[in-house]
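Here are my notes on the model you sent over. I've numbered the points so you can go through them with the structure open.

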Amino acid sequence: MKNKGRIIFEGYAIADVLVYEELNKSRQKSFDQGGNEYEKFDYARRSAIKSFIELYESTLKTLGEDKASLFQTYRLMAEDPDFEDLVRSNIEEGQSAIDAITNASKQLSDSFAILDDEYMKQRAVDVIEVGKNLVNVLLGNNQLIHLTKPTILICEDLAVSVLMKMDRKFLKALVLVKGNENSHVAIFARTLELPTICGLDYFQLSSSYGGKPAIVDAVTGCLITNPTDEELSQYKKLEKSYLSETGSLKKYIGKPSVTKDGHKLKIYTNIASALEVDNVKKNDGEGIGLFRSEFIYLASKNYPSEDFQFNYYREVLEEMNGKEVIIRTIDIGADKKVPYFNIEPEENPALGLRSIRICRKQPKVFYTQLRALYRASVYGHLSIMIPMIVSIDEVNFFQDMVKQVKADLKKEKIPFDDKVKVGIMIETPAAAIMSDDLAKHVDFFSIGTNDLSQYTLACDRLNPALRDTFNKKHYAIMRLIKMTVDNAHKAGITCSMCGELARDPEILPFLAAIHIDEISCSSAYVLKTRKLLADIDTKTVDVNKYLLK
Ligand code: PEP
Ligand code: MG
């Protein structure tokens, strides 16, 4: 059975399953720790600190200081006198050591979580993790997972310390049924290049999967339980070709992205969070072509402040070290709902208040984002991109807002880069059709084929019943793409593509032949696309084949 989730790190795995939660439960029953509650707490704390020190040292050797420092933070939290006082006063009130630790870490976490500071919010997650580590000592769960054969580990979520203590030689894939892309374990999974998926909304975790084979397809984001013989043999072939292909791609690192006949284009990457920048660099992305900034808003409980956003954008720009970073402004709406934006329920949200339309209704929110972006602009090579444009009015609106932000920063003597390019996404048929006019007002275009296809074909991109009708390679779309690229070039501006179609091997020859300037895809596809490009001779590409039925 196929269960859909989201991808944390790409790859395939076929192996027997180990269900981690069940392992915890059986251990919980069998352990009885002696001593009074204060002694139990002291014992748990000493053991956890010892294990954090060991984890720090082993992670330092394998993944470096950056990743290892998390365990230093855990150690400091376990040693923290405020934490100790809270646990002791909970015990004084009659709580067991386990309850006292759990409640103390929850109390501290709540006090961190309400602060409008992303660093403290992360500490709120960390202190819960530290509490769990102490409790696990008392439950006799040493959190060691012994793997003796290739294994797919399935769990609700996983503490990063458990992952790091594991002998990962046999760990083939990780499924975090309730986990998410921004957790520490997700960051470590990416660093370890471990095929991982998360957020399987309709999957019921059960011990009955343990010991049985499964398939993790972290290329399309699926867990296949109880696979048929046919699925097993199909995925064995897929895994084999995927591994040989990814291995052979390394030789393209550092090489230019150029066709056989010498036509150069840039291969950028799409990201949704600063956590992905490591992978951009590892896969030799030449820049970031789409940074979906709305994920910052989606991850916040309230409007993220200017300072928070400034620091976030600055970090990405600095990490990219002078390479271009195109940050797309708020693309909230449709399937990306954020409660604090207070958007009334809509009959057709994909055709409703979205992106720039929200910015016009809530100009202060847009102003705050633009200020944060311009303040960050001096720390790297920033470009700004506005989504969902359908009119020149909207362009005038954001241009005025940009002027206002620059004037205010100048008045306040806050430095910014005056040469930041401001472009728009071409992702509505209206924008593509009037791209000749739009090109006179902006610095660049980026074609968003996911929405351009949705709106051109009048097909909800999320509706599985329309999978056959939602043909992103429809020749009507190809015509709009060519028209947009031609109009951009006529006006002397560049045109890129950041929708999913940009990494489609069938469409790449067409894109190269119409001289698109840049394509942007997730980092896992950069080298693959560079390799494909090297085999394309644009002189032999029949462009009409794509434009006519
Ligand atoms: C697109 O529409 O093609 C695009 C890149 O934006 P998103 O998928 O985030 O809507
Ligand atoms: Mg879009």
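**Notes on the predicted model**

1. Let me start with a loop residue. His-515 is partly exposed, its relative accessible area being 38%. Keep in mind that this is a predicted model. His-515 sits in the loop between helix 20 (508-513) and strand 16 (518-521). What caught my eye is its backbone: phi of His-515 is near 65 degrees, a positive value in a residue other than glycine. For background, most residues other than glycine have a negative phi.

2. Glu-193 belongs in the same conversation. Its phi is near 55 degrees, again positive in a residue other than glycine. You'll find Glu-193 in the loop between helix 8 (184-191) and strand 6 (196-198). With a relative accessibility of 38%, Glu-193 counts as partly exposed.

3. Now the metal. Which residues coordinate the magnesium ion (ligand 2)? Glu-427 does it through OE and Asp-451 through OD, at 2.1 Å. Glu-427 is in the loop between strand 13 (421-426) and helix 16 (429-433), while Asp-451 is in helix 18 (residues 449-456), so the pair ties together parts that are 24 residues apart in sequence.

4. Are these two metal-binding residues buried or exposed? Glu-427 is buried, at a relative accessible area of 2%. Asp-451 also counts as buried, with 2% relative accessibility. The cut-off behind that word is under 20% relative accessible area.

5. Both residues turn up again at ligand 1. An N or O atom in the side chain of Glu-427 is 3.0 Å from an oxygen atom of ligand 1. For Asp-451 the contact runs through the backbone: one of its polar backbone atoms is 3.0 Å from an oxygen atom of ligand 1. Arg-461 uses its side chain, with a polar atom 2.8 Å from an oxygen atom of ligand 1. How much of ligand 1 does the protein bury? Taken alone, ligand 1 exposes 290 Å², and the protein buries 99% of that.

6. Have a look at the rest of that shell too. There are 15 residues around ligand 1, and those that come nearest are Arg-292, Arg-328, Gly-448, Asn-450 and Arg-461. By class, the shell has eight charged, four polar and three nonpolar residues. Helix 18 gives the largest share, three residues. Strand 10 (288-292) and helix 18 each supply at least two residues of the shell.

7. While you're on strand 10, check Ile-288, which lies in that strand. Ile-288 counts as buried, at 0% relative accessibility. Its C-alpha atom and that of Lys-323 are separated by 7.8 Å, although the two residues are 35 apart along the chain.

8. On to the rings. How many aromatic pairs does a search of the whole structure find? The search gives 18. One of them is Phe-366 with Phe-397, a stacked pair at 5.7 Å centre to centre and 20 degrees between the planes. This pair links distant parts of the chain, with Phe-366 in helix 14 (residues 363-376) and Phe-397 in helix 15 (residues 392-411), 31 residues apart. Phe-366 counts as buried at 0% relative accessibility, and Phe-397 is buried as well, at 17%. Elsewhere in your display, pick out Phe-52, Phe-71, Tyr-74 and Phe-188, which ring pairs link into a cluster.

9. Two more residues for anyone who likes to check distances. Asp-335 is in the loop between strand 11 (324-328) and helix 13 (356-361), and Asp-335 is partly exposed, with a relative accessible area of 46%. From Asp-335 to Val-160 the C-alpha separation is 30 Å, with their positions 175 residues apart along the chain. Lys-121 is in helix 6 (residues 118-138) and counts as partly exposed at 22% relative accessibility. The C-alpha atoms of Lys-121 and Val-277 are separated by 21 Å, and these residues are 156 apart along the chain.

Note on methods. Residues numbered from 1 in each chain as written. Chains lettered and ligands numbered in written order. Predicted model: local features only at pLDDT ≥ 70, side-chain atom pairs only at ≥ 80, totals over all residues. Heavy atoms only, no water. Donors = N, O, S within 2.8 Å, 3.2 Å for Na, K, Ca; no water. Helix = DSSP H or I, 4+ residues; strand = E, 2+ residues; numbered from the N terminus. Buried < 20%, exposed > 50% of the residue type's maximum accessible area, 1.4 Å probe, protein only. Near = heavy atom within 4 Å. Polar contact = N/O pair within 3.5 Å; in protein donor to acceptor, adjacent residues only side chain to side chain. Areas by Shrake-Rupley, 256 points an atom, 1.4 Å probe, with all protein chains shown as cover. Nonpolar A, V, L, I, M, F, W, Y, C, P; charged D, E, K, R; others polar. Phe/Tyr/Trp six-rings, centres within 6.5 Å; stacked < 30°, edge-to-face > 60°.
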